[in-house]
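Here is a short report for a reader new to this structure. Look at the sequence and the model, then read on.

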Amino acid sequence: MPSSTKVIDVLLVEDDPGDVLMTREAFEHNKVRNRLSVVADGVSAMEFLRKEGEHADAPTPDLILLDLNLPRMDGREVLQALKADAALRAIPVVVLTTSEAEEDVVRSYSLHANAYVTKPVDFDRFIDVVKQIDEFFVEVVRLPTR
């Protein structure tokens, strides 16, 4: 990775410990220098984003990787809440989920997701997908400044 590449804060909203581990390993394998924060449910995601409670000192993420099937508040509800919040709506959200259902794809985009990616079950392919997401959001697109 070129030394001129910027480092961004990424929030992973994922309740499956195996998928969290695979994402961390994908970051390490690809030598992704971005800072990864993880929360395990939708309520914690909104608290993190709004800097509430134990998340008072949380960084404002530059990118959110959001699973749809979450406890307490599912990813669709998180996406709806965050895109309705003027202070949060500009943060890009990549839905990263196991669901291949067309209704989930359509609903996610109608709720203003920036991308919808189905998680590969193969570890090598998963690593490649995370690398592509990182390269796109760090090296290709221009993110809003905080």
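Is His112 buried or exposed? His112 is exposed, with a relative accessible area of 53%. Here buried means under 20% relative accessible area, exposed over 50%, and partly exposed in between, with a 1.4 Å probe and protein chains only.

This is a predicted model: local features need pLDDT of at least 70, side-chain atom pairs count only at pLDDT 80 or more, and totals for chains, interfaces and linings use all residues. Residues are numbered from 1 along each chain as its sequence is written, and side-chain values use heavy atoms, leaving out hydrogens and water.

His112 has a positive phi although it is not a glycine. Lys51 also has a positive phi and is not a glycine. Helices (H or I, at least four residues) and strands (E, at least two) are DSSP runs, numbered from the N terminus.

| Residue | Phi | Loop | Relative accessible area |
|---|---|---|---|
| Lys51 | about 55° | between H2 and E3 | 32%, partly exposed |
| His112 | about 75° | between H4 (102-110) and E5 (115-118) | 53%, exposed |

Now the interior. A nonpolar core is a set of buried Ala, Val, Leu, Ile, Met, Phe, Trp, Tyr and Cys residues joined through side-chain atoms within 4.5 Å. The largest one has 23 residues. Val13, Leu49, Ile64, Leu66 and Leu82 have the most contacts inside it. Strands E1 (9-13), E3 (63-66) and E4 (93-97) each give two or more residues, as do helices H2 (42-49) and H3 (75-84). H2 gives the most, with four residues.

Leu66 touches Val13, Gly75, Val78, Leu79, Val93, Val94, Val95 and Leu96 (heavy atoms within 4.5 Å), not counting residues up to four places away in sequence. Apart from the largest core lies another, of 22 residues, including Val94, Val117, Val130 and Ile133.
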